[in-house]
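Good morning, and thank you for making time for this item. I would like to take you through one model, and I ask that you keep the sequence and the coordinates in view as I speak.

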Amino acid sequence: MISNEQITHIAKLARLRVEPENVAKTAAELESILGYVTKLQELDTEGVPELAHGDWLSNVFREDVAVGSDQDERSRVIEAFPHKEGDLLEVPAVFQDRTE
Amino acid sequence: METAIKIADDVRSGRRTAESVVRESLDAIESQNEKLNALLGVFSSAIEDAKEIDRRIAAGEDVGVLAGVPIVMKDNMLVRGERCSAGSRILENFDAPYDSTVTKRLRAAGAVLIGRANMDEFAMGSSTENSHYGPSRNPWDVARVPGGSSGGSAVAVAAGFAPIALGSDTGGSIRQPASLCGIVGLKPTYGRVSRHGLMALSSSLDQIGPFARTVEDAELVMSVMQGGDEMDATTAEVVDPSFAPAGASEDKGVKGLRVGVPKEYFVDGMDENIKKSVLDAVAEFERAGAEIVPISLPTAEFALAAYYVIQPCEAASNLGRFDGIRFGYSSEGQTLLETYERSRGEGFGAETQRRIILGTFVSSAGYSDAFYKKASKVRTLIKRDFDEAFKRCDVIAAPTSPSLAWPIGEKFADPLSMYLSDIYTVSANLATIPAMSIPCGFVDGLPVGLQLMARPFDEASLYRAGKFYQSVTDHHLKTA
């Protein structure tokens with residue numbers, strides 16, 4: 001059983017707001033899907049390694065050097081900022097209680 | 001509309017101008033898109049780009065193998081300066097700051113990008129109904145879904161807007177709409193095509209691939225898009241030649257080709273008409289001298305469960321970048337947390353939020369071992385099944401979709417029933433193998449797709465089998 005508290009907790013972790021009237025519906029949907037995926041437990045995976053991607057892949061390294069950016073691209077990225085001051089991205093205060 | 005091969009040939013040899021081809025595309029869009037809602041926007045530079053191709057040809061330049069070919073992009077692939085919404089409200093005003101690698105490669109080969117196709121929000125869905133901009137409609141019956149998530153791309157090709165459209169396939173999002181719309185759709189091997197400039201959904205599963213009417217056209221586009229890219233470290237530059245039988249894609253016959261038929265994909269209770277269409281297609285291969293090999297993929301029935309753990313986990317992580325701060329829709333709250341929650345809560349649609357909740361839950365403390373780690377182990381078992389099967393066969397034949405195109409709205413209220421429409425397609429993504437859907441018949445006037453799967457980096461066998469099948473059948477020549 002997924003509790004309403006669990007939904008609220010998960011939503012907070014996910015930085016989503018689930019309105020109080022939708023919590024029960026969200027819990028029911030999650031439970032229905034989890035009920036299906038729980039069939040994975042039927043399989044014996046003792047000693048089986050995890051697969052995360054194509055098994056031929058290996059780490060790709062490069063020198064950590066700064067390269068210039070395309071000016072057109074840079075101006076388009078800045079243009080897309082929701083709030084800005086000049087070329088700088090403006091963000092809300094990170095701390096709620098600020099002591100002077 | 002003509003095939004890409006014919007168009008490029010005509011444009012390169014001066015029999016036709018790229019401008020006339022692009023105008024034909026734009027006319028088709030103008031007359032039919034309002035009904036089908038396949039495209040969310042047309043690129044304003046299309047005519048000018050076509051004229052530039054014509055100027056270069058007139059100057060004696062070789063503009064490339066896709067000369068003048070109109071191509072539709074899925075709305076999650078960046079084209080510098082063009083709107084790119086991923087079917088989401090959160091990006092309703094977002095313009096791409098740079099080109100994706102596929103954008104650059106297609107243009108470098110002479111293609112003209114003409115517009116952006118509707119899709120399920122952030123590519124999550126199997127019907128295109130999760131788009132913030134309304135569902136696309138299936139040209140074979142406009143009351144039905146085209147499949148998804150790349151539904152708009154599939155409709156664009158099926159309705160003759162363009163010979164080629166790109167899609168992205170995370171769990172079937174190219175193959176399933178190709179099946180439901182009666183066209184070819186290819187999901188390449190993981191690592192074959194760069195995802196740089198594709199909005200990431202599930203990074204261990206996503207691949208870009210083409211929709212086309214013919215296998216030859218799909219192969220042509222792949223020849224341009226594939227290959228290593230320093231901007232996507234998962235791409236493979238050098239392909240192990242032992243994977244691809246030499247010259248296979250030149251061979252139209254299938255004599256000696258071993259076609260595996262997995263018993264788990266033909267179970268009691270499945271749609272008998274779809275089963276018959278697919279088995280009839282297998283019989284065509286047998287008649288031409290292919291060897292039909294009964295095979296088993298015992299973990300197949302667990303693939304969907306593994307997928308709906310792994311995919312939401314990765315999606316929840318990738319979608320973390322949409323925070324209302326740096327780009328996209330922003331709704332300011334009293335605190336930073338409230339700004340995040342409001343921007344995401346108002347900007348994301350219901351299915352996207354559902355998957356983020358699901359993905360966050362199955363990877364959260366106390367649950368990740370039972371769900372995420374377990375699913376990743378099951379993924380290994382699924383991969384091993386295919387490794388075993390490919391010792392005995394060269395391609396695997398199966399249905400693409402368990403059902404025909406269904407009426408709009410039918411599965412919308414029940415997420416699990418929608419998820420079940422991916423049951424035949426997710427395995428190829430989990431196992432990282434290439435897979436292609438090609439039209440193999442009609443039931444009640446609606447298309448059925450045959451799914452062919454092959455070893456990693458052996459798209460050549462898919463091309464060989466697909467070209468043979470289209471040379472002895474005419475399903476792909478029918479239009480809605």
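I will speak about the interface between the chains, then the salt bridges, and finally some local features of the backbone and the core.

Please bear in mind throughout that this is a predicted model.

Let me begin with the contact between the two chains. On the side of chain A, 53 residues are in contact with chain B, and 70 residues of chain B take part in return. Between them, chain A and chain B bury about 5200 Å². Of that area, 69% falls on carbon and sulfur atoms. As for specific polar interactions, 14 residue pairs are in polar contact between chain A and chain B, counting pairs with both residues at pLDDT 80 or more. Which elements of chain A supply two or more residues to the side that touches chain B? They are α1, α2 and α3, the last of these spanning residues 71–79. The greatest contribution comes from α2 of chain A, which gives 8 residues. By residue class, the side of chain A that touches chain B comprises 30 nonpolar, 10 polar and 13 charged residues.

The rule for salt bridges finds 4 of them across this interface. One pairing across the chains is A:Lys39 with B:Glu301, where the closest N and O atoms are 3.7 Å apart. Another pairing is A:Asp70 with B:Arg80, at 3.4 Å between the closest N and O atoms. Here the partners both come from loops: A:Asp70 from the one between α2 and α3 of chain A, and B:Arg80 from the one between β2 (70–74) and α4 (101–108) of chain B. A:Asp70 is partly exposed, at 35% relative accessible area, and B:Arg80 is also classed as partly exposed, at 29%.

Let me turn to helix α1 of chain A, residues 4–13. Which of its residues are buried? They are A:Gln6, A:Ile7, A:Ile10 and A:Ala11. These residues lie on the same side of α1 of chain A, because the arc they cover around the axis is only 130°. Their packing partners come from both chains: α2 (23–37) of chain A, together with α11 (350–362) of chain B.

After α1 of chain A comes A:Arg15, in the loop between α1 and α2. A:Arg15 has a phi near 55°, a positive value in a residue other than glycine. With a relative accessible area of 33%, A:Arg15 is partly exposed.

Next, the salt bridges within a chain. Over all chains, the structure holds 39 salt bridges. In helix α2 of chain A, A:Glu29 and A:Lys25 are 4 residues apart, about one turn of the helix, and their side chains meet in a salt bridge at 3.3 Å, N to O. Is each partner buried or exposed? A:Glu29 is buried, with a relative accessible area of 15%, whereas A:Lys25 is exposed, at 52%.

In chain B, the side chains of B:Glu61 and B:Arg56 form a salt bridge at 2.9 Å, N to O. Both residues are partly exposed, B:Glu61 at 41% and B:Arg56 at 24%. Shared partners also join salt bridges into one network, made up of A:Lys25, A:Glu29, B:Glu351, B:Arg354 and B:Arg355.

I close with three positions in chain B. B:Thr128 is not a glycine, yet has a positive phi of about 70°. B:Thr128 sits in the loop between β3 and α5 of chain B and is buried, with a relative accessible area of 0%. B:Ser149 lies in the loop between β3 (112–117) and α5 (151–158). The peptide bond leading from B:Gly148 to B:Ser149 is cis, with omega near 10°.

The last position is B:Ile382, in helix α12 of chain B, residues 369–392. B:Ile382 is buried, at 2% relative accessible area. Leaving aside residues up to four places away in sequence, what does B:Ile382 touch? The residues are B:Thr299, B:Ala303, B:Ala306, B:Ser427 and B:Leu430. B:Ser427 is 45 residues from B:Ile382 in sequence, while the C-alpha atoms of the two are 7.2 Å apart in space.

Thank you; I am glad to take questions.

Conventions:
Residues are numbered from 1 along each chain as its sequence is written. Chains are lettered from A and ligands numbered from 1 in the order in which they are written. Side-chain values use heavy atoms; hydrogens and water are left out. Buried means under 20% relative accessible area, exposed over 50%, partly exposed in between (1.4 Å probe, protein chains only). The arc is that of the directions from the helix axis to the C-beta atoms. Contact means heavy atoms within 4.5 Å. Buried area is the accessible area (1.4 Å probe) that two parts lose on being put together, summed over both. A polar contact is a pair of N or O atoms within 3.5 Å; within protein, one must be able to donate a hydrogen and the other to accept it, and residues adjacent in sequence count only if both atoms are side-chain atoms. Ala, Val, Leu, Ile, Met, Phe, Trp, Tyr, Cys and Pro count as nonpolar, Asp, Glu, Lys and Arg as charged, and the others, Gly among them, as polar.
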